[in-house]
Amino acid sequence: MIGPEDDLSTLIDRHDHLNILRYIRAHKLRESQLVVAHGSKLFGIVYDENDNVDDDDNENAVVVNITGGGAKSLGHAERLAALEQLCVASLDVGNIRLAEGCLAAITAAGAGGANSNSAPLVTKSSTRYRKLVGLYLEATGDYENASSLYRQLLAENPSNSHAAKRQYCILAAQPNKQVEAMACLNEYLMNHPGDAAAWYQMYQVRLSVCDYEGAAYCLEEVILACPLDSNVHTLCGEAYATAGGLASTKLARKHLALAIQLNANNLRAWYALLSASESYLEEVQKLTTSTSGGVGKNGKRVAEEEEESIEVAKELIKLAGEKLVQVYKGKKMMGIVERILKESSESL
Amino acid sequence: MPLPHSNMASSSISSPSDPLVRTTQTLLLDSQIRDWVVLPLLVIMIAAGLLRTYVGRLLRPPPKPISHIDARAKSALLRISRLRGGSGGYISKNHWEARRLAWSTREGSSSNNNTTGWLRQEAALAESEKKALDALQKTENGGSNANDPLTAAMLPGMDPSTMMDGMKGNMAAMVQNMVMMQGISHFFRGFVLVKVPFPLTRGFKQMFQRGLFDLTTLDTSYVSSVSWYFLVMFGLRAFFRLAMGEPLQEEVEGNELQKELGLDYGGPPGGQFDAPKVLITEADNLELMNVRSRRFKLEDAEKKLLGKRYPKKKKIMKGSGEDVLFGLSSGKNKALSSSIRNKKKD
């Protein structure tokens, strides 16, 4: 297995800074605060966030500390990986100066120290380094330069999926470029149809333009990638329920039921199940009553076909109601929940 | 193992005409053989193994960019494998089937409004882009070495430089093995080095006594020098793994990151990824899949959630009313239930 075998809390207790960073990397966690805290300690950086007066001084201090700091026992690979991680994390928490220090330290690695004549390990033309520079430019709000950097990376190697992703992100971050962002995401998904995270992004875009069926389609792609995630099933059920229609509401119920099976304490799914079952009953009622004047036959057929499903929906409403009451019993929210449940019990 | 305290060389073999005596009598091996052949061989092998790994690491080619077409095709394959795998059961049955059809239909089939499936479109796209790339390469090469018979004879899509890269890593090992084999059989030929502490059948003679073919009567548990070389060569693999340790976490992560940046160390040598072909195969496989043979967890999620409260059962117990699912005539049902009733009466 990759990464340290202890869990994060033991490592933190032991002040094993390097292994904390490695653990976070191996498990792909987004713990930027932790990374900045322990990364700074690893490299012996004393960083005062309130010290904005002598900007240049502080920056220099960071650089000097990183190259000379107490991390001499690290191998080059470990050191560079830790610096890279620290750089990304510091950008994530908005600590631009620390990121600058990291970038400088990365290019100085190997060149610095006793024999400054040796060539640096990381050149400025390295793709991995330029990826960090791109992130840095984005964080400083310099979208123009970041975008041109990514364009250059893509021209060098069109299958650089990271650059393609960041280009979408740059567009999505600008409020006046939403249409271009959507086109960019579309293009990305054409080239990377197996990227579940991109499908999830597409779901959010579809949701923002009220295309609920499309949103549900995207979520189904996400479900195919991580089928046991209760939350994705919940979202999918919600998308179908919002899309409306007899078939969609029925499908929504199924997804929500599955979400609850995967995580019985998913309260959002319980509420959604309640709501979806209700709207399903409403759909049935609409079909049976509206056609009763003209084509009564159709309404009757629907009623007959859906007879069993209606029973199921009613049972689901009851079950969800019982669960919610059980959860909220004796809590302050109980009054509100009871009111909601009363409304839905009218449709039974 | 070589037996010490003996200055007798391998001359003390019993008479070959007496097989019974031969199996019981032990051969005394000179301790000089141990000191000057067995141990040096072991040391040479370990040193050579270390040398090989480090030279191989030096000779490893830098990561190459993955072709745009291949990356796209691989991503598509990932998407298909999800649909085909177990996670396909977590979306609705109809939607699964719709995806299967939309991805795999052939041109001209009636089921999908005569449009080609997504995968087949992708395959066609990959094919055309590959052809365009080849044509581009040809025109580029055309200026410099149009008359080169080697490039002319090359199959399309085969790049000589990529073929070389795959071999480079193996080259060090191959050359080294050849040289070592020659050296060992030149310097240490004809020694009986070691006796394994258990009897073996004659079938192992080929394996253990390579280079000693003249001694047909020698017990099989004695090992010759060339065979000792082979045994050590394969036996040391686990030792090297232990000695050199597992690759650093940072290295493994670096390789993953390279992939994200669209770079890759070439796969196994000779394993060329042929995007259009693979995509077509996948489409054909998908076409042959059947909804009915799959289980959809989503379809009976409600039933599982409700458990005993699922109302369908109640209905069957009642046995009244029409069969809503299939619209069958109720007459049969009544006949059935009445027959059950009759049986009960009996």
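This passage describes a helix contact between two chains, a pocket and an annotated domain. The model is predicted.

Helix H2 of chain A spans residues 17-26, and helix H10 of chain B spans residues 249-260. The two helices pack at an angle of about 35°. Their axes lie 11 Å apart. H2(A) crosses H10(B) in a left-handed manner. On the H2(A) side, the contact is made by Arg22(A), Arg25(A) and Ala26(A). H10(B) contributes Gln249(B), Glu250(B) and Glu253(B). Charged residues number 4 in this contact, with 1 nonpolar and 1 polar residue besides.

Both helices also take part in lining the second largest pocket. General reasoning helps here: a probe the size of a water molecule, rolled over the atoms, shows where empty space is left. The volume of the second largest pocket is about 1,500 Å³. Its lining consists of 31 residues. Nearest the pocket centre lie Leu29(A), Val88(A) and Lys131(A) from chain A, and Leu257(B) and Glu260(B) from chain B. At least two lining residues come from each of H2, H3 (32-42), H5 (76-92), H7 (127-139) and H9 (161-173) of chain A, and from H10 of chain B. H5(A) gives the most, with 7 residues. By class, the lining has 14 nonpolar, 14 charged and 3 polar residues.

For chain A, an unreviewed UniProt entry lists residues 131-234 as "domain: EMC2 TPR-like". Over these residues, the chain is 79% helix and 0% strand. The C-alpha atoms at the two ends of this stretch are 35 Å apart.

Key. Residues numbered from 1 in each chain as written. Chains lettered and ligands numbered in written order. Predicted model: local features only at pLDDT ≥ 70, side-chain atom pairs only at ≥ 80, totals over all residues. Heavy atoms only, no water. Axes fitted to C-alpha atoms, helices over the stretch in contact; angles between N-to-C directions. Helix = DSSP H or I, 4+ residues; strand = E, 2+ residues; numbered from the N terminus. Left-handed = near helix turned anticlockwise from the far one by under 90°. Contact = heavy atoms within 4.5 Å. Nonpolar A, V, L, I, M, F, W, Y, C, P; charged D, E, K, R; others polar. 1 Å grid on protein atoms, 1.4 Å probe; cavity = no way out; pocket = protein on both sides within 12 Å on 5 of 7 lines; lining within 4 Å. Points joined across faces, edges and corners; volume = space filled by probe spheres on them. UniProt positions renumbered as here; feature names shortened; annotations may be inferred.
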